[in-house]
Amino acid sequence: MLVASCGPLVENAPFALRPDTLQPGDLLGPFDGIIVDAETERPIASATVAGSWAFERGIGLHGPAGSREFSLETSADGRYQIPRPDDLETGGSMRLRRFTLVVYRRGYVAYRSDFKFGSDEVRHDFSQHANKVRLDKWQPTLEHRQHLAFLGGGVAIAKAAGWEAQPASLEYEGLAAPHIAEAKGETVFSASEQTLDASPLLSVEEVRGVTGFAGEFEVGRLADRVRSDVFDSRHFKAKGKPEAFDVAVRVWAIGTAAAEEQFKKLAGELPAAVATEEIGDKSLRARGGDVLGLAFLLREKGLVIQLSCGTSQCTEPGMVLRLAKLVESHVGELRSAPDGKAGPEGKPPLGKTPEEGKGKP
Amino acid sequence: MRLRQALAPVVLAGIAVLTPRFALAWDPATTHAGLTARALAASKFHATLAHEIGRALGSLEPLRLDLGALEPDTARNLKSRLDALDPAGGYRPSADRIATASAWVRAGAVLAKTPPERGRHHFFEPRTRTGLDDGPGLSGTVHAARLTFDDGATVRDGATGLAFDLEGMPALDWLRSPRNDLGLTAFFDNWVLAVSAAQANQRETALVRAMLALGGALAILEDAGQPAFVRNDFRGEFLAQDSGSVLERFVSDRYGAVSLPPSPAPVARPDLDSYFAAADGNGLAQDTQRRFFSPGTLPEDIRFLPGQTPSEVAGMANRSLQFPEPTVAALDLRQSGRTRYVVRDGIRVLAYRCNGDRVHFFLDQAVDEDVARRWLPEVEGYAAGLIDHLLRARLQIAVEENKARVALTGTATPFGPAVTVHVFWEDDAGVRTELPAQATQSDAPLSFDLPKGARKIAAYVRGQDGAGAYAAASEARVP
């Protein structure tokens, strides 16, 4: 049955008003609830919550005709509130077809108000008010590609889950994702709720020590690839100077098999790549325009590191190798950090063997 | 907009008597998006993007649609349709028009029926290869009038004869029609532009449009897995009552966009048409028509005489059928008032109930459940097969010293007439320029001299092989 109103027709909600009643809710909302850890029942902060309303129109044949979305991030109490949309689509056959809530928090399995992940079962425990979202912790045997296919959601969710694209892509390529590799006993480097932190690998002082550069650097990350639990970068941008004065480090911590593949990929993609035996288990030199490149593989640790240095900064090829050796000397300090924040002190360093890595967060 | 405002009172009055019903097409926002997602995952889509088109993240590569690179009318039309999409499905692009390659394809499958009247061209009767045709009568005119009251935009269509009057092009024609911005013409044109356009934003926008068109093509095939669309049953499905379609609702609510049953292996067919209909009878439209009833093509209710055998009664029911298959075998007439089922290949395809000396035939949720469970994976397999079919031809590029060697592989036999291989080089600024093209009539590599400073090499070819039209596009870095 449809309920006519001044705006669109509003369909009956497939969810209850509250968890303790069978009274149907209202598709228009408002909605409220709390996000908790399924195991500890503790509230989860910084979860991305996105509610969306879908409108449709048509007689006989019907199709999408607009939407509204509201997103927020939970605070320490894990609670969310989503107000009713105040501007609705209008038109002859316009109707509000569905409301969907999506919750995403890195390190957990995502939640949808309509279906459950993994079992593909219809969810029946969503309610308009006092909804309790119990997030299960991410398990190493799960696949990111399936998770992304399940997730859906708008811009806020896509942004929060963007880091999963890289491990998911590796899964499509038939390479073991780091977390699946962990379950299989391969060398791994990170837990899903962590992001890789490349900051210990190279410092401004070390760059100056090698190249003799006296100017200032702005230190940040490269924008060409999203930081994730398996990738991070360090960009030393020479202030007021052209790109030929910049230095950059990229690091992939992806497990033994995937690291081999990544190194092969770099060998195929980097301009003028030539294999060398200078550092690590395998290495290569490359050159594109004013930038010198050196990439090397640390097989046992499952790491691939790529160093780039502009020819005005690294005025001789030996400088690039010296920088690479400094980076290699810091590999043991490579860390993960929660949710893209800087690596906190006290976190166990990454780059451990499976045995050494056991018990890490 | 002015028209819409002026009609508002009429529209409100119309709702009271013309409550819209929900269609028995696959629901675009959920089912088409979900079927397409499953098909993409089962096909070589990811590998093609990652290894042929230089998009490292493959199906998860973020792509930006630059509306400024399109004709103003095209951009405006596309923007308004994209803005209509539901974010919950995961395929709506961001405000700056960025989405993953996979999301763009799924968006295309939804846009294929946005606005919904585009679905008129998704009908295909495989025996006659005709589209939606409601035959003589006033229904079409009445329906067009109803749509006029529904949306101001269709007033213009009514005046120009373009309103949806219950007729449409055959799905295969629509798939190939240049008028279809989400059809094969758009796919092939943009697939080659995605590597050959001069500027990077033009190439990325062309790739997005190719993804959208691929989704649109898949949506047409997916509807060939919907009984009403292959049994010319718009009237029975869409106009018989205003209470809503049980099957469409069931599939949409049970599976949504994210929870459809997984696809089996892609279905390989010899050519494009044969995905719909072919002499071997294994086209999706043929198989669907042969296996399932739709509400408007059920056996008529019958009255039987005492002493008539169940198979005689079944024969009477079969004589009322519009299509040769499926048919009704012996009926169980023993208990009055009890719902029983006609089962075919383990699937309940028809419900019936005896009331005294009458047999009533109908479709219920048990039938819908079986149809969905059995047939959705089949549809996904055909859709995955179509993706692989369209991406079958490959251009392998190998760069050695100052030469690029380009070989065309993956085409079906016979190779077909000679084709022209177009090769482009990219400079440091990302601008691509064409090198002198070469013709070939085999898969032997062609050699091209590279200009100094070439950063990347791209190539495309369009042709016709034993499986029909194809386009291959590829690019590679210069070491």
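Q: Let's start with the fold of chain B. What share of its contacts with a separation of 6 or more comes from residues 24 or more positions apart?

A: In chain B, 69% of those contacts, counted at a separation of 6 or more, are between residues 24 or more positions apart. Keep in mind that this is a predicted model. As for the parts list, chain B has 16 helices and 14 strands.

Q: And how much of chain B counts as buried?

A: Of its 479 residues, 59% are buried. On the outside, chain B exposes about 18700 Å², with carbon and sulfur atoms supplying 52% of that area.

Q: What do those numbers look like for chain A?

A: Chain A has 361 residues, and 54% of them count as buried. Its secondary structure comes to 8 helices and 18 strands. For contacts between residues at least 6 apart in sequence, 61% join residues at least 24 apart. The accessible surface of chain A is about 15100 Å², and 50% of it belongs to carbon and sulfur atoms.

Q: Now helix packing. What describes two packed helices?

A: You use the angle between the two axes and the distance between them. Take helix 9 (residues 184–196) of chain B and helix 10 of chain B: they pack at about 155°, and their axes are 7 Å apart. Angles over 145 degrees count as roughly antiparallel, and therefore helix 9 and helix 10 of chain B are roughly antiparallel to each other. Their crossing is left-handed.

Q: Which residues of helix 9 and helix 10 of chain B meet?

A: From helix 9 of chain B, the contributors include F187(B), W191(B), L193(B) and V195(B), while helix 10 of chain B offers, among them, L207(B), M211(B) and L214(B). By type, the residues of this contact divide into 14 nonpolar, 2 polar and 2 charged.

Q: At what angle does helix 10 of chain B pack with helix 16 of chain B?

A: Helix 10 (residues 200–223) and helix 16 (residues 365–390) of chain B pack at about 140°, with axes 10 Å apart. That angle makes helix 10 of chain B oblique to helix 16 of chain B. The crossing of these two is right-handed. Helix 10 of chain B makes the contact with L214(B), A217(B), L218(B), L221(B) and E222(B), and helix 16 of chain B answers with V379(B), Y382(B), A383(B), L386(B), I387(B) and L390(B). The count is 10 nonpolar, no polar and 1 charged.

Q: Why do some of those helix 10 positions sit three or four places apart?

A: An α-helix has 3.6 residues a turn, so residues three or four places apart point the same way. In helix 10 of chain B, L214(B), L218(B) and L221(B) are among the residues touching helix 16 of chain B.

Q: Is there a pair to read in chain A? Where do helix 1 and helix 3 of chain A come within 7 Å, and at what angle do they cross?

A: Look at residues 144–151, helix 1 of chain A, and residues 165–172, helix 3 of chain A: their axes come within 7 Å and cross at roughly 120°. That makes helix 1 of chain A oblique to helix 3 of chain A. H144(A), R145(A) and L148(A) meet A165(A), P167(A), A168(A), E171(A) and Y172(A). These residues divide into 5 nonpolar, 1 polar and 2 charged.

Q: Last one: how many residues of helix 14 of chain B are buried?

A: In helix 14 (residues 284–291) of chain B, 7 of the 8 residues are buried, so this helix is largely enclosed by the rest of the structure. The buried residues include D287(B) and R291(B). Their cover includes helix 10, helix 11 (227–230), strand 4 (339–344), strand 5 (347–355) and helix 16 of chain B.

Notes. Residues are numbered from 1 along each chain as its sequence is written. Chains are lettered from A and ligands numbered from 1 in the order in which they are written. This is a predicted model: local features need pLDDT of at least 70, side-chain atom pairs count only at pLDDT 80 or more; totals for chains, interfaces and linings use all residues. Side-chain values use heavy atoms; hydrogens and water are left out. Axes are lines fitted to C-alpha atoms, for helices over the stretch in contact, and angles run from 0 to 180 degrees between N-to-C directions. Helices (H or I, at least four residues) and strands (E, at least two) are DSSP runs, numbered from the N terminus. Angles under 35 degrees count as roughly parallel, over 145 as roughly antiparallel, 65 to 115 as roughly perpendicular and the rest as oblique. A crossing is left-handed if the near helix is turned anticlockwise from the far one by less than a right angle, and right-handed if clockwise. Contact means heavy atoms within 4.5 Å. Ala, Val, Leu, Ile, Met, Phe, Trp, Tyr, Cys and Pro count as nonpolar, Asp, Glu, Lys and Arg as charged, and the others, Gly among them, as polar. Buried means under 20% relative accessible area, exposed over 50%, partly exposed in between (1.4 Å probe, protein chains only). Accessible areas come from the Shrake-Rupley method with a 1.4 Å probe; for residues, only the protein chains shown count as cover.
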